[in-house]
2 protein chains.
Amino acid sequence: MSDRLDLAFAALADPTRRAILTMLLEDDMAVTDVAEPFDISLAAISKHLTILTRAGLIAQEKRGRVKWCKLEPDALRAASVWMQGFGQFEPVNLDAFERFLEVELSPEADHSPQE
Amino acid sequence: MSDRLDLAFAALADPTRRAILTMLLEDDMAVTDVAEPFDISLAAISKHLTILTRAGLIAQEKRGRVKWCKLEPDALRAASVWMQGFGQFEPVNLDAFERFLEVELSPEADHSPQE
DNA sequence: CCAATCGTCAACCAAATGGTTGAATATGGC
DNA sequence: GCCATATTCAACCATTTGGTTGACGATTGG
């Protein structure tokens, strides 16, 4: 029953997890390094990463004793696509929509994160 | 603490609430009419609508004894914009996006809530 | 005015969430 | 082989969530 979108949106609802995603935008990271800036236990971070993984928002790959985390854009894109349907029902919203298309469709676009 | 995005994403994490939003895409609706296609109590729907309202995803206006619900796109747009920062860091295939447009924008599309 | 309709409130319940701590399981370095 | 490092597991806790039912307050129609 619990749809892919359920998991994605639920994962995105937590500020710690959104912060983790933002960090991973910069680079892949080990679990310990992900945990470093936060004030909660490593176990709690590990749980957050599990939730992000099951939501398909990140992937974890163990190399040696280190488990690397990297963004997995598909789920984010699915959620984004779902929301775009609502951006369109009003002319005002075409702003964001057009910016999206512009960036997304230009072959030589600079796809680096802005932040 | 709980950010606007927290509330928006948490609200979007429930399939019933996403279905409600989809219904409201068609037209503004009274609470009772929103509840009609669902198998849960009116009180439960009322709670869902409160959550959507506090998340800024819909607005409710009482006229007479009927309370009308309508989409409020700002919060959705905020969430959408947040996610686009992630959609861009990799060249994207627009497949899913185009399929979505096809379904969602066709005038005779079946937008009824799916369970 | 009275009854029906619209919607919320209150109390309750089971399950999920986000956190803790302490022990356990790899793995790597020396 | 041993110890430190990296990460998860297990048990526990408080709070939130999504649902129920029944009573309640407004409003409308006849």
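Q: Which helices and strands of chains A and B each supply at least two residues of the surface near DNA strand D?
A: This is a predicted model, where local features need pLDDT of at least 70, side-chain atom pairs count only at pLDDT 80 or more, and totals for chains, interfaces and linings use all residues. Residues are numbered from 1 along each chain as its sequence is written, chains are lettered from A and ligands numbered from 1 in the order written, and side-chain values use heavy atoms, leaving out hydrogens and water. "Near" means that a heavy atom of the residue lies within 4 Å, while helices (H or I, at least four residues) and strands (E, at least two) are DSSP runs numbered from the N terminus. The suppliers are helix 3 (31-35), helix 4 and strand 3 (66-71) of chain A, together with helix 4 of chain B.

Q: Which helix gives the most to the surface near DNA strand D?
A: Among the 22 residues around this strand, B:Ser41, B:Lys47 and B:His48 are some of those that come nearest. With 5 residues, the top contributor is helix 4 of chain B.

Q: What share of the atoms of DNA strand D within 4 Å of the protein is sugar and phosphate?
A: One phosphate oxygen of this strand has a polar side-chain atom of B:His48 2.2 Å away, a polar contact (a pair of N or O atoms within 3.5 Å). Bases get a visit too: a base oxygen is 3.0 Å from an N or O atom in the side chain of A:Arg65. Sugar and phosphate account for 62%.

Q: Over on DNA strand C, which residue has a side-chain N or O atom 2.3 Å from a phosphate oxygen?
A: Of the strand C atoms within 4 Å of the protein, 66% belong to sugar or phosphate. A polar backbone atom of B:Lys67 sits 2.8 Å from a phosphate oxygen. The side chain at 2.3 Å belongs to B:Ser46.

Q: Which residues touch the most other members of the largest nonpolar core?
A: Such a core is a set of buried Ala, Val, Leu, Ile, Met, Phe, Trp, Tyr and Cys residues joined through side-chain atoms within 4.5 Å, and buried means under 20% relative accessible area (1.4 Å probe, protein chains only). Of the 59 residues in this one, the winners are A:Phe9 and B:Phe9.

Q: Why does this core lie between two domains of chain A?
A: Domain bounds come from an automatic or database domain assignment. The core lies between them because residues come from both domain 1 (4-73) and domain 2 (74-105).

Definitions and conventions. Buried < 20%, exposed > 50% of the residue type's maximum accessible area, 1.4 Å probe, protein only. Polar contact = N/O pair within 3.5 Å; in protein donor to acceptor, adjacent residues only side chain to side chain.
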